[in-house]
Amino acid sequence: MPTTPMKNLIYRAALPVLSPSTHKRYRHETAGQPLTHLPYYEHLLVRHHVAGSSLLLRDSDRAAQVYTSCTRPAHHAGPDTLYRVASITKTATALAVLTACDDGLFELDTPAARLLPDGDRSPALRGVTVRHLLCHTSGLRDISAVDEALRSGATFHDVLAADGIRSGEPGTTMVYCNFGFGLLGCLLEHTLGQSLEAIFQSRLFQPLGMRATLDGTTLDEQRVMPIARMLPYRAGQDVTIPALGRKPLTAPDPLRRFGHTAGAMYTDAPSLSRLLTLIAQGGELNGQRLISEALIREMTTRQASTSTRTYGLGLVLLERPELSERRLLGHQGFAYGCVDGAFFEEGTGRQVIFLNGGASEARTGRLGLVNRDVLKWALRKEIPSWT
(Lines give C-alpha, C1' and ligand atoms only; values in the text may rest on other atoms or scores of the structure.)
Protein backbone atom coordinates (compact mmCIF):
# COMPACT_ATOMS: atom_id res chain seq x y z
CA MET A 1 0.00 0.00 0.00
CA PRO A 2 1.40 3.47 -0.83
CA THR A 3 1.92 4.96 2.63
CA THR A 4 3.48 8.34 1.84
CA PRO A 5 2.53 11.11 -0.65
CA MET A 6 5.58 10.33 -2.79
CA LYS A 7 4.88 6.58 -2.85
CA ASN A 8 1.28 7.38 -3.70
CA LEU A 9 2.33 9.46 -6.71
CA ILE A 10 4.69 6.73 -7.94
CA TYR A 11 1.99 4.10 -7.42
CA ARG A 12 -0.59 6.08 -9.41
CA ALA A 13 1.86 6.62 -12.26
CA ALA A 14 2.78 2.92 -12.44
CA LEU A 15 -0.72 1.48 -12.04
CA PRO A 16 -1.97 1.87 -15.65
CA VAL A 17 1.24 0.32 -17.00
CA LEU A 18 1.98 -2.52 -14.60
CA SER A 19 -1.46 -3.68 -13.44
CA PRO A 20 -3.68 -6.01 -15.49
CA SER A 21 -6.41 -4.23 -17.42
CA THR A 22 -9.96 -5.27 -16.52
CA HIS A 23 -11.57 -3.59 -19.55
CA LYS A 24 -14.29 -5.83 -21.03
CA ARG A 25 -13.58 -8.49 -18.41
CA TYR A 26 -16.66 -7.98 -16.21
CA ARG A 27 -19.98 -9.75 -15.86
CA HIS A 28 -22.66 -8.17 -13.64
CA GLU A 29 -25.48 -9.83 -11.72
CA THR A 30 -27.98 -7.35 -10.29
CA ALA A 31 -30.79 -7.49 -7.74
CA GLY A 32 -33.28 -5.04 -6.26
CA GLN A 33 -33.43 -1.43 -7.48
CA PRO A 34 -32.01 -1.25 -11.04
CA LEU A 35 -28.96 0.98 -11.39
CA THR A 36 -29.52 4.02 -13.59
CA HIS A 37 -25.82 4.44 -14.30
CA LEU A 38 -24.39 0.91 -14.43
CA PRO A 39 -22.03 1.73 -17.38
CA TYR A 40 -20.47 4.55 -15.37
CA TYR A 41 -20.03 2.25 -12.38
CA GLU A 42 -18.22 -0.23 -14.65
CA HIS A 43 -16.08 2.65 -15.87
CA LEU A 44 -14.99 3.24 -12.26
CA LEU A 45 -14.18 -0.44 -11.82
CA VAL A 46 -11.97 -0.38 -14.90
CA ARG A 47 -10.29 2.88 -13.86
CA HIS A 48 -9.33 1.43 -10.49
CA HIS A 49 -8.48 -2.11 -11.72
CA VAL A 50 -11.08 -3.75 -9.49
CA ALA A 51 -10.82 -7.55 -9.44
CA GLY A 52 -14.41 -8.59 -8.80
CA SER A 53 -16.75 -6.87 -6.36
CA SER A 54 -20.06 -6.60 -4.56
CA LEU A 55 -21.86 -3.28 -4.32
CA LEU A 56 -24.86 -2.44 -2.15
CA LEU A 57 -26.58 0.94 -2.26
CA ARG A 58 -29.48 1.66 0.10
CA ASP A 59 -31.87 4.57 0.41
CA SER A 60 -34.68 3.97 2.90
CA ASP A 61 -36.56 0.84 1.76
CA ARG A 62 -34.89 0.69 -1.66
CA ALA A 63 -31.64 -1.16 -2.24
CA ALA A 64 -29.56 -2.01 -5.29
CA GLN A 65 -27.07 -4.86 -5.35
CA VAL A 66 -24.51 -5.55 -8.05
CA TYR A 67 -22.27 -8.63 -8.04
CA THR A 68 -19.43 -8.16 -10.52
CA SER A 69 -17.30 -11.10 -11.61
CA CYS A 70 -13.96 -10.58 -13.34
CA THR A 71 -12.29 -12.93 -15.81
CA ARG A 72 -8.73 -11.70 -15.16
CA PRO A 73 -7.96 -12.10 -12.36
CA ALA A 74 -10.62 -14.83 -12.26
CA HIS A 75 -12.75 -13.63 -9.36
CA HIS A 76 -16.37 -14.76 -9.16
CA ALA A 77 -18.88 -12.68 -7.19
CA GLY A 78 -22.42 -13.71 -6.36
CA PRO A 79 -25.02 -13.52 -3.59
CA ASP A 80 -23.28 -16.29 -1.63
CA THR A 81 -19.77 -14.79 -1.85
CA LEU A 82 -18.08 -13.80 1.41
CA TYR A 83 -15.34 -11.19 1.73
CA ARG A 84 -12.56 -10.73 4.23
CA VAL A 85 -13.36 -7.12 5.01
CA ALA A 86 -10.12 -6.18 6.77
CA SER A 87 -10.42 -3.11 9.01
CA ILE A 88 -14.19 -2.86 8.64
CA THR A 89 -13.89 -5.53 11.35
CA LYS A 90 -12.98 -2.72 13.76
CA THR A 91 -16.52 -1.35 13.62
CA ALA A 92 -17.92 -4.77 14.55
CA THR A 93 -15.34 -5.09 17.33
CA ALA A 94 -16.33 -1.70 18.75
CA LEU A 95 -19.98 -2.77 18.79
CA ALA A 96 -19.13 -6.02 20.57
CA VAL A 97 -17.17 -4.05 23.18
CA LEU A 98 -20.09 -1.64 23.64
CA THR A 99 -22.47 -4.53 24.35
CA ALA A 100 -20.17 -5.56 27.19
CA CYS A 101 -20.18 -1.97 28.47
CA ASP A 102 -23.98 -2.02 28.40
CA ASP A 103 -23.92 -5.19 30.47
CA GLY A 104 -21.88 -3.38 33.13
CA LEU A 105 -18.81 -5.58 32.70
CA PHE A 106 -16.57 -2.53 32.30
CA GLU A 107 -16.72 1.08 31.16
CA LEU A 108 -15.10 2.92 28.29
CA ASP A 109 -12.64 4.54 30.67
CA THR A 110 -11.77 1.34 32.56
CA PRO A 111 -7.99 0.70 32.49
CA ALA A 112 -7.30 -1.99 29.91
CA ALA A 113 -4.71 -3.67 32.14
CA ARG A 114 -7.46 -4.62 34.64
CA LEU A 115 -9.31 -6.53 31.93
CA LEU A 116 -6.35 -8.47 30.52
CA PRO A 117 -4.66 -11.53 32.09
CA ASP A 118 -1.78 -10.20 34.22
CA GLY A 119 -2.22 -6.88 32.48
CA ASP A 120 -0.65 -4.96 35.36
CA ARG A 121 2.71 -6.58 34.69
CA SER A 122 3.07 -4.75 31.32
CA PRO A 123 4.33 -1.16 31.80
CA ALA A 124 3.33 -0.37 28.21
CA LEU A 125 -0.34 -0.57 29.28
CA ARG A 126 0.04 2.07 31.97
CA GLY A 127 -2.67 4.70 31.52
CA VAL A 128 -4.34 2.89 28.59
CA THR A 129 -8.15 2.63 28.75
CA VAL A 130 -10.70 0.76 26.68
CA ARG A 131 -11.62 4.06 25.01
CA HIS A 132 -8.00 4.66 24.01
CA LEU A 133 -7.86 1.27 22.29
CA LEU A 134 -11.13 1.96 20.46
CA CYS A 135 -9.98 5.30 19.02
CA HIS A 136 -6.25 4.66 18.45
CA THR A 137 -5.02 6.97 21.20
CA SER A 138 -3.48 4.23 23.38
CA GLY A 139 0.10 5.34 22.76
CA LEU A 140 0.77 1.90 21.25
CA ARG A 141 1.86 1.35 17.67
CA ASP A 142 2.25 -1.53 15.23
CA ILE A 143 5.73 -3.02 15.07
CA SER A 144 7.21 -6.16 13.51
CA ALA A 145 7.02 -7.95 16.87
CA VAL A 146 3.22 -8.21 16.43
CA ASP A 147 3.45 -10.36 13.29
CA GLU A 148 6.35 -12.32 14.73
CA ALA A 149 4.31 -13.14 17.84
CA LEU A 150 1.30 -14.25 15.78
CA ARG A 151 3.55 -16.60 13.78
CA SER A 152 5.39 -18.02 16.80
CA GLY A 153 2.48 -18.22 19.22
CA ALA A 154 3.96 -15.70 21.65
CA THR A 155 1.67 -13.72 23.96
CA PHE A 156 0.62 -10.09 23.94
CA HIS A 157 2.96 -9.61 26.92
CA ASP A 158 5.88 -10.45 24.62
CA VAL A 159 4.71 -7.80 22.15
CA LEU A 160 4.23 -5.20 24.88
CA ALA A 161 7.79 -5.85 26.11
CA ALA A 162 9.30 -5.27 22.65
CA ASP A 163 11.32 -2.16 21.89
CA GLY A 164 9.38 0.63 20.22
CA ILE A 165 5.86 -0.55 21.11
CA ARG A 166 5.02 2.84 22.64
CA SER A 167 4.66 5.88 20.40
CA GLY A 168 3.67 8.32 23.16
CA GLU A 169 1.49 8.84 26.19
CA PRO A 170 -2.10 7.52 26.13
CA GLY A 171 -4.75 10.06 25.18
CA THR A 172 -2.37 12.55 23.59
CA THR A 173 -2.20 11.71 19.88
CA MET A 174 -3.89 9.36 17.44
CA VAL A 175 -1.69 6.62 15.99
CA TYR A 176 -3.68 4.05 14.02
CA CYS A 177 -2.85 0.73 15.69
CA ASN A 178 -4.08 -2.70 14.65
CA PHE A 179 -2.42 -4.28 17.68
CA GLY A 180 -4.42 -2.00 19.97
CA PHE A 181 -7.64 -3.26 18.42
CA GLY A 182 -6.29 -6.79 18.70
CA LEU A 183 -5.92 -6.32 22.45
CA LEU A 184 -9.67 -5.71 22.58
CA GLY A 185 -10.09 -9.31 21.47
CA CYS A 186 -7.90 -10.52 24.34
CA LEU A 187 -9.84 -8.28 26.70
CA LEU A 188 -13.21 -9.65 25.56
CA GLU A 189 -12.14 -13.27 25.85
CA HIS A 190 -10.65 -12.77 29.31
CA THR A 191 -13.63 -10.82 30.64
CA LEU A 192 -16.36 -13.03 29.17
CA GLY A 193 -14.62 -16.40 29.36
CA GLN A 194 -15.68 -17.29 25.82
CA SER A 195 -13.95 -17.55 22.47
CA LEU A 196 -14.09 -14.56 20.15
CA GLU A 197 -16.27 -16.44 17.70
CA ALA A 198 -18.81 -17.27 20.38
CA ILE A 199 -18.78 -13.67 21.63
CA PHE A 200 -19.30 -12.11 18.21
CA GLN A 201 -21.93 -14.64 17.18
CA SER A 202 -24.02 -14.28 20.33
CA ARG A 203 -23.66 -10.53 20.82
CA LEU A 204 -23.62 -9.24 17.26
CA PHE A 205 -23.83 -11.54 14.26
CA GLN A 206 -26.85 -13.62 15.30
CA PRO A 207 -28.93 -10.74 16.76
CA LEU A 208 -28.31 -8.73 13.59
CA GLY A 209 -28.93 -11.67 11.26
CA MET A 210 -25.45 -11.30 9.77
CA ARG A 211 -23.74 -13.94 7.68
CA ALA A 212 -20.37 -13.38 9.29
CA THR A 213 -17.52 -15.05 11.16
CA LEU A 214 -14.06 -14.40 12.57
CA ASP A 215 -13.16 -18.08 12.22
CA GLY A 216 -11.93 -18.88 8.72
CA THR A 217 -11.86 -22.61 9.46
CA THR A 218 -15.68 -22.68 9.37
CA LEU A 219 -15.86 -21.43 5.77
CA ASP A 220 -16.16 -23.09 2.40
CA GLU A 221 -13.09 -21.56 0.78
CA GLN A 222 -14.69 -21.76 -2.67
CA ARG A 223 -17.21 -19.14 -1.54
CA VAL A 224 -14.61 -16.67 -0.25
CA MET A 225 -13.60 -13.93 -2.67
CA PRO A 226 -9.85 -14.25 -3.35
CA ILE A 227 -7.86 -11.04 -2.94
CA ALA A 228 -5.14 -9.99 -5.36
CA ARG A 229 -2.70 -7.11 -5.04
CA MET A 230 -3.03 -5.18 -8.31
CA LEU A 231 0.40 -3.54 -8.03
CA PRO A 232 2.58 -5.48 -8.08
CA TYR A 233 0.26 -8.07 -9.62
CA ARG A 234 1.40 -11.69 -9.39
CA ALA A 235 -0.87 -14.22 -11.06
CA GLY A 236 -1.80 -17.20 -8.92
CA GLN A 237 -0.89 -15.58 -5.59
CA ASP A 238 -4.38 -14.55 -4.53
CA VAL A 239 -5.25 -14.80 -0.84
CA THR A 240 -8.49 -16.37 0.35
CA ILE A 241 -7.91 -17.43 3.96
CA PRO A 242 -4.49 -16.41 5.35
CA ALA A 243 -2.55 -18.39 7.95
CA LEU A 244 -4.23 -16.63 10.88
CA GLY A 245 -7.68 -17.63 9.59
CA ARG A 246 -6.69 -21.29 9.55
CA LYS A 247 -6.50 -21.44 13.34
CA PRO A 248 -9.88 -22.37 14.87
CA LEU A 249 -11.50 -20.10 17.45
CA THR A 250 -13.24 -22.85 19.37
CA ALA A 251 -11.84 -21.99 22.82
CA PRO A 252 -10.68 -18.76 24.45
CA ASP A 253 -6.96 -17.95 24.47
CA PRO A 254 -6.82 -14.37 25.76
CA LEU A 255 -3.03 -14.27 25.89
CA ARG A 256 -2.72 -14.87 22.14
CA ARG A 257 -6.01 -13.79 20.56
CA PHE A 258 -4.78 -10.36 19.36
CA GLY A 259 -4.80 -11.08 15.64
CA HIS A 260 -8.51 -11.17 14.78
CA THR A 261 -10.46 -8.19 16.06
CA ALA A 262 -8.57 -5.63 13.96
CA GLY A 263 -9.29 -7.14 10.55
CA ALA A 264 -10.25 -10.82 10.27
CA MET A 265 -14.03 -10.72 9.76
CA TYR A 266 -15.59 -12.50 6.78
CA THR A 267 -19.01 -11.27 5.75
CA ASP A 268 -21.09 -9.88 2.87
CA ALA A 269 -22.64 -6.55 1.91
CA PRO A 270 -26.21 -7.23 3.17
CA SER A 271 -24.78 -8.17 6.56
CA LEU A 272 -22.74 -4.98 6.73
CA SER A 273 -25.88 -3.07 5.80
CA ARG A 274 -27.56 -4.37 8.95
CA LEU A 275 -24.56 -3.38 11.02
CA LEU A 276 -24.59 0.16 9.60
CA THR A 277 -28.35 0.42 10.11
CA LEU A 278 -27.92 -0.49 13.78
CA ILE A 279 -25.54 2.45 14.23
CA ALA A 280 -27.62 4.86 12.12
CA GLN A 281 -30.72 4.01 14.18
CA GLY A 282 -29.02 4.66 17.51
CA GLY A 283 -28.52 1.03 18.56
CA GLU A 284 -31.87 -0.40 17.42
CA LEU A 285 -32.67 -2.74 14.56
CA ASN A 286 -36.12 -4.08 13.69
CA GLY A 287 -37.51 -2.73 16.95
CA GLN A 288 -34.89 -4.51 19.05
CA ARG A 289 -32.43 -2.47 21.10
CA LEU A 290 -28.98 -4.04 21.10
CA ILE A 291 -26.87 -1.10 22.31
CA SER A 292 -27.80 1.94 24.36
CA GLU A 293 -28.26 5.28 22.63
CA ALA A 294 -25.69 6.83 24.95
CA LEU A 295 -22.95 4.45 23.80
CA ILE A 296 -23.86 4.87 20.14
CA ARG A 297 -23.48 8.63 20.68
CA GLU A 298 -20.01 8.00 22.07
CA MET A 299 -19.20 5.81 19.08
CA THR A 300 -20.28 8.41 16.52
CA THR A 301 -18.71 11.40 18.31
CA ARG A 302 -15.26 12.61 17.34
CA GLN A 303 -12.80 10.99 19.74
CA ALA A 304 -9.50 11.56 17.94
CA SER A 305 -8.10 12.98 14.72
CA THR A 306 -5.01 13.59 12.63
CA SER A 307 -4.53 15.83 9.61
CA THR A 308 -5.98 13.08 7.41
CA ARG A 309 -8.39 11.12 9.62
CA THR A 310 -11.19 11.72 12.13
CA TYR A 311 -12.22 8.80 14.30
CA GLY A 312 -14.99 7.87 16.71
CA LEU A 313 -14.98 4.48 18.43
CA GLY A 314 -14.15 1.92 15.74
CA LEU A 315 -15.66 4.33 13.23
CA VAL A 316 -14.21 6.65 10.58
CA LEU A 317 -15.98 10.02 10.42
CA LEU A 318 -15.73 11.55 6.95
CA GLU A 319 -16.45 15.20 6.34
CA ARG A 320 -15.90 15.51 2.61
CA PRO A 321 -18.20 18.11 0.97
CA GLU A 322 -17.36 16.82 -2.50
CA LEU A 323 -18.98 13.52 -1.49
CA SER A 324 -21.85 14.75 0.69
CA GLU A 325 -22.91 17.81 2.66
CA ARG A 326 -23.48 15.44 5.58
CA ARG A 327 -21.02 13.38 7.59
CA LEU A 328 -20.31 9.88 6.37
CA LEU A 329 -19.71 7.25 9.04
CA GLY A 330 -18.22 3.82 8.52
CA HIS A 331 -14.87 2.25 7.81
CA GLN A 332 -12.48 1.20 5.08
CA GLY A 333 -10.67 -2.11 4.82
CA PHE A 334 -7.21 -2.48 3.24
CA ALA A 335 -5.57 -5.93 3.28
CA TYR A 336 -3.74 -8.06 0.71
CA GLY A 337 -4.95 -5.70 -2.05
CA CYS A 338 -8.64 -5.21 -1.24
CA VAL A 339 -9.92 -1.65 -0.78
CA ASP A 340 -13.29 -2.17 0.89
CA GLY A 341 -15.61 0.54 2.16
CA ALA A 342 -18.87 0.58 4.16
CA PHE A 343 -20.39 3.98 4.97
CA PHE A 344 -23.74 5.57 5.77
CA GLU A 345 -24.80 9.19 5.47
CA GLU A 346 -25.74 10.81 8.76
CA GLY A 347 -29.33 12.01 8.88
CA THR A 348 -30.51 10.20 5.75
CA GLY A 349 -29.18 6.72 6.49
CA ARG A 350 -28.21 6.24 2.82
CA GLN A 351 -25.59 3.49 2.54
CA VAL A 352 -22.74 2.69 0.19
CA ILE A 353 -21.03 -0.67 0.69
CA PHE A 354 -18.31 -1.72 -1.73
CA LEU A 355 -16.36 -4.98 -1.29
CA ASN A 356 -13.80 -6.31 -3.73
CA GLY A 357 -11.13 -8.87 -4.48
CA GLY A 358 -8.41 -6.30 -5.13
CA ALA A 359 -8.21 -2.77 -6.50
CA SER A 360 -5.94 0.21 -6.84
CA GLU A 361 -4.62 1.06 -3.38
CA ALA A 362 -3.93 4.69 -4.30
CA ARG A 363 -5.56 7.15 -1.96
CA THR A 364 -6.27 10.75 -1.15
CA GLY A 365 -5.26 11.36 2.43
CA ARG A 366 -6.45 8.13 4.05
CA LEU A 367 -9.42 7.60 1.75
CA GLY A 368 -8.90 5.07 -1.04
CA LEU A 369 -9.43 6.68 -4.44
CA VAL A 370 -11.72 3.86 -5.50
CA ASN A 371 -13.85 4.35 -2.38
CA ARG A 372 -13.90 8.10 -2.94
CA ASP A 373 -15.09 7.72 -6.51
CA VAL A 374 -17.70 5.07 -5.68
CA LEU A 375 -19.05 7.21 -2.81
CA LYS A 376 -19.20 10.32 -4.99
CA TRP A 377 -20.94 8.51 -7.85
CA ALA A 378 -23.40 6.76 -5.52
CA LEU A 379 -24.33 9.75 -3.35
CA ARG A 380 -24.18 12.50 -5.97
CA LYS A 381 -25.41 10.69 -9.06
CA GLU A 382 -26.80 7.17 -8.73
CA ILE A 383 -29.01 7.26 -5.63
CA PRO A 384 -30.46 10.72 -6.43
CA SER A 385 -31.49 9.40 -9.85
CA TRP A 386 -33.85 6.90 -8.19
CA THR A 387 -36.26 9.73 -7.35
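**Exercise 1. How many bridges join strand 3 to strand 4, and in which sense do the two run?**

Keep in mind that this is a predicted model. Now take it step by step.

- Step 1: count the bridges. Strand 3 and strand 4 (residues 74–75) are joined by 2 bridges, and they run antiparallel.
- Step 2: pick out a pair. Cys70 has His75 of strand 4 standing opposite.
- Step 3: look at the connection. The two strands form a hairpin, with 2 residues between them.
- Step 4: check the peptide bonds there. Arg72 and Pro73 are joined by a cis peptide bond, with omega at about -5°. Pro73 sits in the loop between strand 3 and strand 4.

**Exercise 2. Work out which other strands pair with strand 3, and how covered strand 3 is.**

- Step 1: start with strand 1 (residues 26–32). Its pairing with strand 3 is antiparallel and covers 7 bridges.
- Step 2: move on to strand 2 (residues 53–59). Here too the run is antiparallel, and 7 bridges join strand 2 to strand 3.
- Step 3: find a residue that turns up in both pairings. Thr68 in strand 3 stands opposite His28, and Thr68 is also the bridge partner of Ser53.
- Step 4: inspect the turn. Strand 2 and strand 3 form a hairpin with 2 residues between them, and Ser60 in that turn has a positive phi of about 60°.
- Step 5: check burial. Of the 10 residues in strand 3 (residues 62–71), 8 are buried, so the strand is mostly covered, given that buried means under 20% relative accessible area.

**Exercise 3. Test whether helix 1 has the length you'd expect, then find what it packs against.**

- Step 1: compute the span. At 1.5 Å a residue, the 14 residues of helix 1 (residues 5–18) should span 20 Å.
- Step 2: compare. The end C-alpha atoms are 20 Å apart, which agrees.
- Step 3: list the buried residues of helix 1: Asn8, Tyr11 and Leu15.
- Step 4: see where they go. The buried residues of helix 1 pack against strand 15 (363–364).

**Exercise 4. Ala86 and Asp118 both deserve a backbone check: is each one buried or exposed?**

- Step 1: recall the background. Most residues other than glycine have a negative phi.
- Step 2: take Ala86. Its phi is positive, about 50°, although it is not a glycine. Ala86 lies in the loop between strand 5 (83–84) and helix 3 (89–102).
- Step 3: take Asp118. Its phi is near 55°, again positive. Asp118 is in the loop between helix 3 and helix 4 (130–134).
- Step 4: settle the accessibility. Ala86 is buried, with a relative accessible area of 2%, whereas Asp118 is exposed at 52%.

Definitions and conventions. Residues numbered from 1 in each chain as written. Predicted model: local features only at pLDDT ≥ 70, side-chain atom pairs only at ≥ 80, totals over all residues. Heavy atoms only, no water. Buried < 20%, exposed > 50% of the residue type's maximum accessible area, 1.4 Å probe, protein only. Helix = DSSP H or I, 4+ residues; strand = E, 2+ residues; numbered from the N terminus. Pairing = 2+ DSSP bridges. Expected span 1.5 Å × (residues − 1). Contact = heavy atoms within 4.5 Å.
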